Amino acid sequence: MDKKIIYWSLFVHGPWKMYLAATAEGLCYVGSNYKEFEELKNWVQKKFPQHQLEQDDNRLQIYADQFAEYFQRMRMSFTFPIDFYGTPFQQSVWNALNEIPYGCTHHYTEIAEILQKPKSVRAVASAIGANPILITVPCHRVIGKNGKLTGFRGGLEMKESLLELEKEPAHTKGMTIHAK
């Protein structure tokens, strides 16, 4: 039997420092900015107790490169494979988040309405909070109905920084825009 591995690397770019993790199929985890390795380790132990963590900077370079481009405002979406695990409902919510355009925000009620489950706002919020792939699955683009920033696994400071990054004009020269 093959041992199951989740590969990880520490991504550092300017004021950003977060752990990235991937299976052989794609990116499965993006950590909170400046959180310790324990955050990743605890997530893996809870969600994938049968997997081992193995540092592999080379294997995660494709992800790190695209994150660097994103933080340089040279990339508005990601083209690498992702491998997220969740319930069918969580996955439907995360897929809906992927439809929120760069630089835009939606509120929880809008996501529930997109899913044609308008009474499921709390369940939508819970699924958003369970998103393991920060930034790539853009849960930071979901705000309260009143326009206020609301909970975010990475903290409200990180959420605000990501929204500010996306609000400012992107560099047009060399901009990589990928349709989904």
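Let's start with a word you'll need throughout: a residue is buried when its relative accessible area is under 20%, exposed when over 50%, and partly exposed in between (1.4 Å probe, protein chains only). Helices (H or I, at least four residues) and strands (E, at least two) are DSSP runs, numbered from the N terminus.

What you have above is a predicted model, where local features need pLDDT of at least 70, side-chain atom pairs count only at pLDDT 80 or more, and totals for chains, interfaces and linings use all residues. Residues are numbered from 1 along each chain as its sequence is written, and side-chain values use heavy atoms, with hydrogens and water left out.

**Exercise 1: helix 2**

Task: Find which residues of helix 2 are buried, and what covers them.

Solution.
- Step 1. Go through helix 2 and pick out the buried residues: Tyr63, Ala64, Gln66, Phe67, Ala68, Tyr70 and Phe71.
- Step 2. Look for their cover, using contact (heavy atoms within 4.5 Å). The cover includes strand 1, strand 2, strand 3 and helix 6 (156-167).
- Step 3. Step just past the end of helix 2, and you meet Arg73 with a positive phi of about 60 degrees. Most residues other than glycine have a negative phi. Arg73 sits in the loop between helix 2 (61-71) and helix 3 (88-97), and it is buried because its relative accessible area is 19%.

**Exercise 2: helix 1**

Task: Work out where the buried residues of helix 1 lie around its axis.

Solution.
- Step 1. Helix 1 covers residues 37-47, and Leu40, Trp43 and Val44 are buried in it.
- Step 2. Now sight down the axis: the buried residues of helix 1 fall within an arc of 95 degrees, so they line one face of the helix. (The arc is that of the directions from the helix axis to the C-beta atoms.)
- Step 3. Here's the background: an α-helix has 3.6 residues a turn, so residues three or four places apart point the same way.
- Step 4. Check what lies over those residues. The cover includes strand 1 (4-13), strand 2 (16-22), strand 3 (27-30) and strand 4 (51-55).

**Exercise 3: along strand 1 and past its end**

Task: Decide whether Ile6, Trp8 and Gly14 are buried or exposed, and look at their surroundings.

Solution.
- Step 1. Ile6 belongs to strand 1. Its relative accessibility is 0%, so Ile6 counts as buried. Leaving out residues up to four places away in sequence, Ile6 touches a list of residues including Val44, Phe48 and Leu53.
- Step 2. Trp8 is also in strand 1, and at 14% relative accessibility it counts as buried. With the sequence neighbours up to four places away left out, the residues that Trp8 touches include Phe37, Leu40 and Leu60.
- Step 3. Gly14 is in the loop between strand 1 and strand 2. With 62% relative accessibility, Gly14 counts as exposed.
- Step 4. Try some C-alpha to C-alpha distances. Trp8 and Cys28 are 20 residues apart in sequence and 9.8 Å apart in space. For Ile6 and Val93, the figures are 87 residues and 24 Å. Gly14 and Ile100 are 86 residues apart along the chain, with 26 Å between their C-alpha atoms.

**Exercise 4: a loop with two buried residues**

Task: Describe Ile135 and Thr136.

Solution.
- Step 1. Place Ile135 in the loop between helix 5 and strand 6. Thr136 is found in the loop between helix 5 (121-129) and strand 6 (142-143).
- Step 2. Ile135 is buried, with a relative accessible area of 1%, and Thr136 counts as buried at 8%.
- Step 3. Check the backbone: phi of Ile135 is near 70 degrees, a positive value in a residue other than glycine.
- Step 4. List what Thr136 touches, again ignoring residues up to four places away: among them are Leu27, Phe67, Phe78 and Asn98.

**Exercise 5: the whole chain**

Task: Sum up the protein chain, from its elements to its radius of gyration.

Solution.
- Step 1. Count the elements: six helices and six strands. Along the sequence they follow the pattern β-β-β-α-β-α-α-β-α-α-β-α.
- Step 2. Get the extent: the C-alpha trace spans about 45 × 40 × 30 Å along its principal axes.
- Step 3. Compare with the globule rule, which is 2.2 Å times the number of residues to the power 0.38, the radius of gyration being taken over C-alpha atoms. For 180 residues, a compact globule would have a radius near 16 Å, and the chain has 16 Å, which agrees.
- Step 4. Finish with burial: 47% of the 180 residues are buried.
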